[in-house]
Amino acid sequence: MDNTSLQDIPKYEDKKTEKNTKKKHKNRKLILQVASIAVVVFMLSLFSIAVVIYGGSTDLFLEGKSDMIQRDLKRVKDRLSDIKCMDFLLDYLKEHTDEIKQKSTAEELKALDGLYANMPETGLGGITNEKAENLSELEQLALAKELYPWILYRIDDEKLTYKYDSIYIIDITEKDCGFVYFEGDESGTRREEGIAGRELGQRWNYSPDDHEAVRKFRSGKNEDYEFELTEDRSEDKDYYVGCTPIVDDGKNSAIICIAYDYENFSSDLETNLKLMFIVGITGIGISGAILLLYIYFKAIKPLRLVSLNVRRYMENKDSEAVAENLSKIRTRNEFGALADDITELTSDISKYTNEIRDLIGVQEKATAELNLAAKIQDDMLSKNFPDHEAFSLYATMDPAKEVGGDFYDFFYIDNDHLGLTIADVSGKGVPAALFMMMSKLLIRNYAMSGLSPAEVLNNSNKSICENNKANMFVTVWFGILEISTGHIVAGNAGHEYPMIKKANGEFELFKDKHDFVLGVMKKKKYKQYEFDIEKGGSLFVYTDGAPEATSADEELFGTDRMLAALNIVQSSEPNELIGSVKERIDQFVGEAPQFDDLTMMCINYTGRIDEKQKSGE
């Protein structure tokens with residue numbers, strides 16, 4: 001080989017230097033690529049926020065306000081719902097306006113005492129329209145004088161609490177004016193006289209053409225709630241008003257209205273849009289900077305360190321030094337070049353040794369985490385059962401494994417409504433427990449937002465289906481108890497039939513309306529049904545772990561044995577009823593292992609509600 005050819009061959013050191021230079025160039029290129037992507041994401045996010053924020057119209061804002069006003073109207077109606085003779089009262093107030101304003105006479109007070117004496121449990125609010133019509137003229141006047149300030153106080157309290165611009169109840173049967181029954185006045189100027197609000201019998205002149213909501217109510221072509229943007233010419237102001245009938249009798253003779261100053265609405269909208277835009281830009285900017293730093297420290301810097309140690313290993317074969325240096329890297333990101341380098345560094349001996357050591361650690365950690373999961377699940381099932389005059393409640397859950405998929409739940413939706421849930425998730429163990437926690441929170445959250453049982457099941461099913469890659473499902477019985485009446489509205493999504501005991505009777509199987517389980521059909525629409533628990537009666541719900549408890553001879557416990565276990569108990573206390581069923585299941589099963597989670601809940605309804613609980617205190 002001649003000297004010319006030798007000069008054409010690059011030296012080893014030159015190759016090494018060239019290789020390192022190329023790798024540094026690649027690293028710098030990676031930083032530029034990441035930065036470019038981050039800038040593009042930032043700009044797209046900024047553009048999206050601008051479109052979403054400034055693309056929103058006043059109509060969308062009003063839609064949200066309409067939902068708020070609708071909830072307010074419903075709440076006001078609920079506060080007045082215990083006046084059973086509202087139809088009578090409205091007619092009477094219109095015909096006897098001057099008499100209502102006069103101070104009560106001794107005869108009227110005596111008649112009022114007689115009414116209270118004859119209605120000791122429900123109070124005057126429990127007098128129905130029919131009973132009120134049959135009262136004497138003196139009793140009717142005494143009743144109206146007592147109920148009128150009672151309603152005024154609650155309307156005034158609503159306005160004071162929620163800062164409405166106006167809240168009132170008017171008659172809309174006359175074409176060009178509205179007879180004022182009640183109007184809130186948060187100043188309370190008339191409270192010293194025993195009445196809050198303004199004078200009964202005012203008449204508000206209006207043009208039906210200017211009030212779309214009133215026109216719809218008069219024509220009977222209205223929804224449950226109507227909204228309109230109207231101008232008060234006397235004040236030269238625009239108001240956004242929500243209306244609904246005060247009595248749901250199909251007549252639409254009187255409506256309750258809540259009004260807000262529309263100028264305040266517009267001001268709030270503009271302020272919120274500006275604030276949201278500023279916060280959005282700031283948040284994205286900070287997030288982008290943090291993201292770049294995170295990528296650098298968690299990806300690019302570790303990648304450089306790995307490449308450096310791989311090159312050192314290829315030069316000196318010092319595997320211990322390389323392993324020590326790589327152990328400082330805590331990120332687990334994957335890159336193509338890194339995967340190749342790790343493959344070259346890994347040896348069979350270190351791999352197997354690490355796998356065995358990790359396996360032992362994973363097993364110990366899994367045991368500890370399983371015990372912790374069981375404790376967390378047990379803590380999620382409340383043991384603080386309500387102490388209420390109207391009912392007593394008790395529930396238990398015994399998982400077949402360390403953790404289970406059954407659950408029960410109870411919670412106050414408001415002072416007069418109690419939510420009751422019992423459910424059974426498919427499968428067992430940790431996956432079922434996690435699915436159970438998600439389902440429990442979804443059902444409670446939707447119920448607390450004021451939805452009906454059918455709506456709670458619809459929304460819960462939709463949410464579960466959207467996040468159910470494991471294809472699990474859950475059977476649910478969910479009901480809402482009206483504490484003051486014992487009336488229950490419920491829905492059954494593929495769950496076991498409840499058992500109901502009438503007063504002085506025995507438990508019987510109630511074959512309610514069944515729907516499909518939650519978590520399978522996203523567009524499924526669920527139905528609800530209603531029933532009453534008598535005073536002295538009870539409701540018992542359970543999961544299939546009770547009737548399907550299996551003995552050593554592979555015989556099922558069955559619903560007949562459950563009914564017998566319930567009816568043999570003389571007491572109506574829920575804990576004793578559940579204890580009787582559990583005891584007989586244990587005797588029946590014997591030494592056979594528990595086949596499924598066992599969950600039971602029982603409520604006994606007494607119907608006793610003291611005055612403090614009636615007022616919601």
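Two strands count as paired if DSSP finds at least two bridges between them. With that in hand, open the model, which is predicted.

Start by selecting strand S1, residues 166–171. Six of its six residues are buried, so S1 is largely enclosed by the rest of the structure. Show the side chains: Ser166, Tyr168 and Ile170 point one way, while Ile167, Ile169 and Asp171 point the other way.

Next add strand S2, residues 177–183. A hairpin of five residues leads from S1 to S2, and the two strands run antiparallel, joined by four bridges. To find the register, pick Ile170, which stands opposite Val180 in S2.

Now add strand S6, residues 254–261. S6 pairs with S1 over six bridges, again in the antiparallel sense. Here Tyr168 of S1 stands opposite Cys257.

Move on to another sheet. Select S7, S16, S15, S12 and S13, which form an open sheet in that order with antiparallel pairing. S7 (391–398) and S13 (507–509) are the edge strands, each pairing on one side only. From one strand to the next, the twist averages 15°.

Zoom in on S7 and S16 (residues 598–605), which are joined by eight bridges. Asp398 is found opposite Leu598 in S16.

Finish with two helices. Select H16, residues 558–567: this helix packs on the sheet and touches S12 (499–501), S13 and S15 (538–542). The direction of H16 makes about 160° with that of S13. Then select H17, residues 574–589, which lies across S7, S13, S15 and S16. H17 runs at about 150° to S16.

Note on methods:
Residues are numbered from 1 along each chain as its sequence is written. This is a predicted model: local features need pLDDT of at least 70, side-chain atom pairs count only at pLDDT 80 or more; totals for chains, interfaces and linings use all residues. Side-chain values use heavy atoms; hydrogens and water are left out. Axes are lines fitted to C-alpha atoms, for helices over the stretch in contact, and angles run from 0 to 180 degrees between N-to-C directions. Contact means heavy atoms within 4.5 Å. Buried means under 20% relative accessible area, exposed over 50%, partly exposed in between (1.4 Å probe, protein chains only).
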